[in-house]
Amino acid sequence: MRARWADLGSALAPVAAGMGVMAAAAAVLVPVLSGGPAVPEAPRVPAAPRTAAASPAATGCTEANAAESLRPSAADGPAVRRIKKAGRLVVGVDQNSYRWGYRNPDNPKNLIGFDIDLAKAIAKDILGPHPHIVYRAIPTNQRIDAVRQRKVDMVVRTMTINCDRKRQVAFSTAYFKAGQQVLAPKRSSIDAFDDSLRGKKICTAAGSTGEQQLKREDHGATVMTVPNQLDCLVRLQLGEADAVVTDSALAAGQAAQDPAVELKGEPFSTDLYGVAMNKEDEDLVRRVNKVLEDYRSGGADSPWTTAYDKWLKADLPGVSGPPAPQYSD
């Protein structure tokens with residue numbers, strides 16, 4: 001049967017299913033078959049309206065306590081039992097972020113990267129040594145809706161924890177610390193996130209932390225938005241944008257892909273990445289936090305450090321370890 005890849009430009013695209021043991025190769029991406037059924041989606045329920053009252057975890061949220069989450073627990077609650085009954089974990093990921101979630105150049109059917117390793121660890125803890133994972137490639141601005149509408153069980157996709165997002169979804173404790181930074185051609189007169197951006201065209205992903213920062217202060221630049229951060233690198237290469245504002249961790253990966261660009265100035269914010277889940281799935285939040293406790297433990301021999309050394313250290317050196325967890329209860 002002739003295969004075609006699902007369109008990733010607009011709808012949430014089911015792009016993968018099935019994996020072996022964590023130490024084995026990455027999960028195989030399964031194409032949508034012409035005339036055949038798509039990869040099954042997570043159960044769908046109506047999303048709560050965006051005007052709904054904030055949950056207790058989000059009430060009183062400030063920059064200082066935004067990264068607080070629920071204390072870890074290995075107990076099976078309704079959400080964990082639902083995943084076990086389904087026999088699969090549906091995870092929203094990126095397939096275009098170098099070093100984080102991207103297609104293996106040697107085997108494009110496989111997704112690899114730092115976020116993918118973490119998703120595998122969560123799946124293995126919940127479903128056992130041979131977990132079945134369905135990866136769904138999700139544009140930046142659709143991550144929250146995917147969680148709220150239960151198109152995925154969780155999103156593991158360099159997603160910054162902040163108070164606005166916590167009013168809509170629940171987060172795990174932070175698993176990585178980054179910051180917003182400017183990416184521009186090496187020859188550019190742009191120095192940093194400052195007035196050297198005046199009159200320039202700046203690209204960022206819609207729904208991203210970078211877009212939020214540029215709405216607060218654009219330094220006289222014209223801002224364009226695209227569905228995914230990698231689209232900004234393409235705009236930069238085509239001369240349609242003068243610079244990109246994105247997470248320093250993602251920018252480092254893009255600079256590694258294109259030696260003609262570099263990071264400018266210093267990070268001008270603190271961004272903590274978390275795993276996003278539905279606000280009703282408190283037991284799943286606690287379970288993921290238990291996985292993260294184990295993932296961080298062991299110092300230089302921890303799974304976190306192993307993944308950092310493998311995927312990120314070459315392009316993002318000097319990270320001493322994961323952020324310390326913060327708990328709200």
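**Figure 1. Helix α5 and the residues it buries.** In this predicted model, helix α5 spans residues 209-216 and has T209, G210, E211, Q213 and L214 as its buried residues. What do the buried residues of α5 pack against? There are strands on the list, namely β13 (180-185), β14 (201-205), β15 (222-226), β16 (243-247) and β18 (271-273), and there is also a helix, α4 (163-166).

**Figure 2. Helix α9 and its buried face.** Here we're looking at α9, residues 303-311, where W304, T305, A307, Y308 and W311 are buried. Looking down the axis of α9, you'd find these buried residues within an arc of 160°, so they line one face of the helix. As for what sits over them, the cover includes two helices, α2 (114-127) and α8 (282-296), along with strands β7 (101-104), β8 (107-112) and β12 (176-178).

**Figure 3. The largest nonpolar core, with F114 in view.** This core has 45 residues, and the ones that touch the most other members are F114, M154, Y175 and F176. Helix α2 chips in the largest share, eight residues. Which residues does F114 touch, leaving aside those up to four places away in sequence? Four of its partners, W304, A307, Y308 and W311, are also buried residues of α9. The rest of the list runs R99, W100, Y175, F176 and L312. In soluble globular proteins, nonpolar side chains tend to be buried together.

**Figure 4. A separate nonpolar core.** Apart from the largest core lies another one, made of 16 residues. Among its members are A67, V90, F171 and L272.

**Figure 5. Where α6 and α7 cross.** Helix α6 covers residues 229-237 and helix α7 covers residues 248-257; their axes come within 11 Å and cross at roughly 45°. That angle is why α6 and α7 are oblique to each other. As for handedness, the crossing of α6 and α7 is right-handed. On the α6 side, the contact is made by Q229, L230 and L233, while α7 brings L250, Q254 and Q257.

**Figure 6. Stepping back to the whole chain.** How many helices and strands does the protein chain have? The tally is nine helices and 20 strands. The chain is 329 residues long, and 53% of them count as buried. If you take contacts between residues at least 6 apart in sequence, 74% join residues at least 24 apart.

Notes: Residues numbered from 1 in each chain as written. Predicted model: local features only at pLDDT ≥ 70, side-chain atom pairs only at ≥ 80, totals over all residues. Heavy atoms only, no water. Buried < 20%, exposed > 50% of the residue type's maximum accessible area, 1.4 Å probe, protein only. Arc of directions from axis to C-beta. Contact = heavy atoms within 4.5 Å. Core = buried A, V, L, I, M, F, W, Y, C linked by side-chain atoms within 4.5 Å. Axes fitted to C-alpha atoms, helices over the stretch in contact; angles between N-to-C directions. Parallel < 35°, antiparallel > 145°, perpendicular 65-115°, else oblique. Left-handed = near helix turned anticlockwise from the far one by under 90°.
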